[in-house]
Amino acid sequence: MPYEWDFLAVLEQWPLLLSGLIGTIKIAAIAIVAGIVVGALVAAMRLSRLRPVRVLGTVYVDFYRNTPGILHFFWFYYALPVLSNVSLGPLEAAALALATQSGAFYAEVFRGGIASIRKGQWEGARALGMTRGQALRRIILPQAARRMIAPFTERSFEIIKTTSLASTLSYGELLYQGMMVASITFRPLETYTLLALIYFALLFSLSSLAKWAESRLQAY
């Protein structure tokens, strides 16, 4: 007997799905903003002239690049309160895990973008009497920013998808709310199909917006 699809029962639970979508956007926004700040600091460490600082930045990046993301969620939610007596809620723990993890990848985007600028640009800035900081701010970063748009966008999309791991902490993001809908309606196929379509619509819209912004920047 062929399966009879019924999306109506799932769509009737739209308040739960909308709440989950808002939760996903909230945690992604926090993680992206905080991750960029962390990434900029770690990139500065990686580009430092002081070897101990460079090594520390490298260790940070290598640690997060070679450990599963879900372990960071568990560590901040379960282990950190035991070690520090600081209790974090699901949102705070998930956002902190995502921000510190994404910071390592954003750092490589920063570093790669800056390193891609030819040394002649630095030398020209020094010839004009600029300090290293002035050269970075006025000459290097404006050029590197255009090259960093695509990898920044890609990493930000990965963060949005990785927010689904917050469901393991019972945080009400889209996947967690979807699981609740599936348990209420007994329609898991329809529920998870709809979730996939929502994720696709969200990321495709953001991707189109990012491509438009990139094309506008390249025009200048």
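Okay, K161: buried or exposed? Neither extreme, actually: K161 comes out as partly exposed, at 39% relative accessibility. Keep in mind that this is a predicted model, so every value I quote is computed from it.

K161 has a partner. Its side chain meets that of E158 in a salt bridge, with 3.2 Å from N to O. Why is E158 within reach along the helix? The two are three residues apart in helix α7, so about one helical turn separates them. E158 is partly exposed as well, with a relative accessible area of 27%.

A quick reminder on the chemistry: side chains of opposite charge can pair when their charged atoms come close.

How many salt bridges are there? The count comes to five. Let me walk you through two more of them. E108 pairs with R65, and the closest N and O atoms are 3.7 Å apart. That pair links distant parts of the chain, since E108 is in helix α5 and R65 is in helix α3, 43 residues apart. E108 also forms a salt bridge with R111, this time with the closest N and O atoms 3.1 Å apart. Here we have one helical turn again, roughly, because R111 and E108 are three residues apart in helix α5.

Now look at how covered these residues are. E108 counts as buried, at 17% relative accessibility. R65 is partly exposed, with a relative accessible area of 47%, and R111 is partly exposed too, at 27%. Through shared partners, salt bridges join R46, R65, E108 and R111 into one network.

Let's move inside. Which residues touch the most other members of the largest nonpolar core? Those are I27 and F73, out of 33 residues in that core. Helices α2, α3, α4, α5 and α7 each supply at least two residues of this core, and the largest share, eleven residues, comes from α5.

Zoom in on F73 for a second. Leaving aside residues up to four places away in sequence, F73 touches A94, A97, L98, T162, L165, A166 and L169. There is another core lying apart from the big one, made of seven residues, among them L17, V181, L195 and Y199.

Next stop, a loop. S48 sits in the loop between α2 and α3. Is S48 buried or exposed? Its relative accessible area is 18%, and the cut-off for buried is under 20%, so S48 counts as buried. Beyond residues up to four places away in sequence, S48 touches V53 and R54.

Last part: the start of the chain. D6 lies in the segment before α1 and is partly exposed, with a relative accessible area of 28%. A polar atom of the D6 side chain lies 3.2 Å from the backbone nitrogen of L8. What does D6 touch further along the sequence? Not counting residues up to four places away, D6 touches R187 and E190. Compare that with D6 and V55, which are 49 residues apart in sequence and 56 Å apart in space, C-alpha to C-alpha.

Y3 is in that segment before α1 as well, and Y3 is partly exposed, with a relative accessible area of 40%. Together with W5 and L189, Y3 forms a nonpolar patch on the surface, with about 330 Å² of accessible area between the three.

That's my tour, so thanks for listening!

Conventions:
Residues numbered from 1 in each chain as written. Predicted model: local features only at pLDDT ≥ 70, side-chain atom pairs only at ≥ 80, totals over all residues. Heavy atoms only, no water. Core = buried A, V, L, I, M, F, W, Y, C linked by side-chain atoms within 4.5 Å. Buried < 20%, exposed > 50% of the residue type's maximum accessible area, 1.4 Å probe, protein only. Helix = DSSP H or I, 4+ residues; strand = E, 2+ residues; numbered from the N terminus. Contact = heavy atoms within 4.5 Å. Patch = residues over 30% accessible without salt bridge, like charges linked within 9 Å, V, L, I, M, F, W, Y side chains within 5 Å. Areas by Shrake-Rupley, 256 points an atom, 1.4 Å probe, with all protein chains shown as cover. Salt bridge = Lys/Arg side-chain N within 4 Å of Asp/Glu carboxyl O. Polar contact = N/O pair within 3.5 Å; in protein donor to acceptor, adjacent residues only side chain to side chain.
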